[in-house]
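Me: I would like a close look at a single part of the structure shown below, followed by how that part fits in with its surroundings. Please take it slowly, as I am in my first year.

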Number of protein chains: 2
Amino acid sequence: MSAHTEHGDAFTALVLEVFRVNRLLHDAGDQLAAPAGLSTARWQVLGVVEHGPIPIADVARVMGLTRQSVRETSALLEAEGFVEFVDNPRHRRARLMRITPAGADAMERLGREQAAWANRVGGAQALDELRTGVRALTRIRQTLDPDPPLADSD
Amino acid sequence: MSAHTEHGDAFTALVLEVFRVNRLLHDAGDQLAAPAGLSTARWQVLGVVEHGPIPIADVARVMGLTRQSVRETSALLEAEGFVEFVDNPRHRRARLMRITPAGADAMERLGREQAAWANRVGGAQALDELRTGVRALTRIRQTLDPDPPLADSD
DNA sequence: TCATTGTTGACAGGGACCTGTCAACCACGT
DNA sequence: ACGTGGTTGACAGGTCCCTGTCAACAATGA
């Protein structure tokens, strides 16, 4: 039908699979995060803020999102009491997002539940397959992404 | 830090990579589809409708989406003239979505451009890595998805 | 010192997905 | 024949992401 090479065919299959799995993982993340009053998106933002006070624009860069998306999520996190904004001595406009004790608590609980879930679902897969999958996606990301997000050093 | 097994660790890395790559692929799809007046979502719906007249609920099942999402996308596709709704002799309420000549044209052009793009990006990857990646994601999807989407037989 | 340039948070508006709810419709068992 | 239950499209409302635009702010060079 379409003029796909073997590589093009395999890549296309991977693309469609990424779309499907992404939605399932996102939903699973929402279900994991819901008891803590969070969602996948808020959880991820909180995971960055957890490392230390940081302006919105920096969070966006780390996550590979736009400032606007992060701003919206951050406003909700603040309204729910998971983060607070404190003055930035280096920039009067760019205030720093800081995790609150409530936010830290939620992250701690979520960390435990995520670990249990990841061990359970990941345990049902072959280790080498998981690792090859990560490598494949990473290479594709590097091929597609003109400027990759900053390292989220753990 | 968190009590991750090796499997849990690899799985978590895969999850985060899926999130990042999904966004890049979605954006790339939008850019591919834009010249044809489509987007990634509309393109995918049109790809199902292309196989023959079908009600909205069936499209949703095939794609693993809700009827509501497909309905919205379908309304836009109809407004743009890519599909039309025709009476369903078997169900008065569930009218059939049918691709228009304009829709078929757009899909044909997009098919060629997608093939070129997939060959180019996929060609930069190792074939066995791509295939293992597909297998890994497929297995994860089957682990997560209680009722998998219908086959999109080509 | 001062104008230019780049970055920041904010605001408006839109796209694509979700859940919850409803009336219309079909199919099925009694 | 008829009610019951499941499915369908529609509508309301919400989340998470995007682009485009703007004024406030910082940093830089003339």
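What percentage of the 154 residues in chain A do buried residues make up?

Reply: Before the answer, please keep in mind that this is a predicted model. In chain A, buried residues make up 38% of the 154 residues. A residue counts as buried when 20 or more other C-beta atoms lie within 10 Å of its own, and that cut-off will be useful again further on.

Let us begin with chain A on its own. Its secondary structure consists of six helices and two strands, and, read from the N terminus on, the elements follow the order α-α-α-α-β-β-α-α. The C-alpha trace of chain A spans about 60 × 35 × 25 Å along its principal axes. If one takes the contacts in chain A with a separation of 6 or more, residues 24 or more positions apart account for 49% of them.

The next step is to see how chain A meets chain B, where 51 residues of chain A are in contact with 51 residues of chain B. On the chain B side, H1, helix H5 (101-123) and helix H6 (127-144) each supply at least two residues, and the largest share, 19 residues, comes from H1(B). By class, the residues on this side of chain B divide into 23 nonpolar, 17 polar and 11 charged.

A related picture comes from the largest nonpolar core, which has 30 residues, and among them Leu14(A), Val18(A), Val21(A), Leu14(B) and Val18(B) touch the most other members. Two or more residues of this core are given by each of helix H1 (6-33) and helix H6 (127-144) of chain A, together with H1 and H6 of chain B, while H1(A) provides the largest share, 10 residues. Leu14(A) is a good residue to find in the view, since, leaving aside residues up to four places away in sequence, Leu14(A) touches Leu130(B), Gly133(B) and Val134(B).

From the other chain, one may look at Leu24(B), which has its place in helix H1 (residues 6-33) of chain B. Leu24(B) counts as partly exposed because it has 19 C-beta neighbours inside 10 Å, whereas a buried residue needs 20 or more. Its contacts, again not counting residues up to four places away in sequence, are Arg141(A), Leu144(A) and Asp145(A). The C-alpha atoms of Leu24(B) and Phe11(B) are 20 Å apart, with their positions 13 residues apart along the chain.

Finally, there is the DNA. Around DNA strand D there are 22 residues, of which Ser39(A), Ala41(A), Ser69(A), Ala57(B) and Ala94(B) come nearest. Chain A takes part in the surface near this strand through helix H2 (40-49) and H4, and chain B through helix H3 (56-63) and H4, each of these supplying at least two residues. H4(A) gives the most to that surface, with five residues, and the residues of the surface divide into seven nonpolar, seven polar and eight charged.

DNA strand C is surrounded by 23 residues, the closest being Ala57(A), Ala94(A), Ser39(B), Ala41(B) and Ser69(B). Here helix H3 (56-63) and helix H4 (67-79) of chain A, along with helix H2 (40-49) and helix H4 (67-79) of chain B, each supply at least two residues. For this strand the largest share, five residues, comes from H4(B), and the surface has seven nonpolar, seven polar and nine charged residues.

Note on methods:
Residues numbered from 1 in each chain as written. Chains lettered and ligands numbered in written order. Predicted model: local features only at pLDDT ≥ 70, side-chain atom pairs only at ≥ 80, totals over all residues. Near = placed C-beta within 6 Å. Helix = DSSP H or I, 4+ residues; strand = E, 2+ residues; numbered from the N terminus. Nonpolar A, V, L, I, M, F, W, Y, C, P; charged D, E, K, R; others polar. Buried ≥ 20, exposed ≤ 12 C-beta atoms within 10 Å, placed from the backbone. Contact = placed C-beta atoms within 7 Å. Core = buried A, V, L, I, M, F, W, Y, C linked by C-beta atoms within 7 Å.
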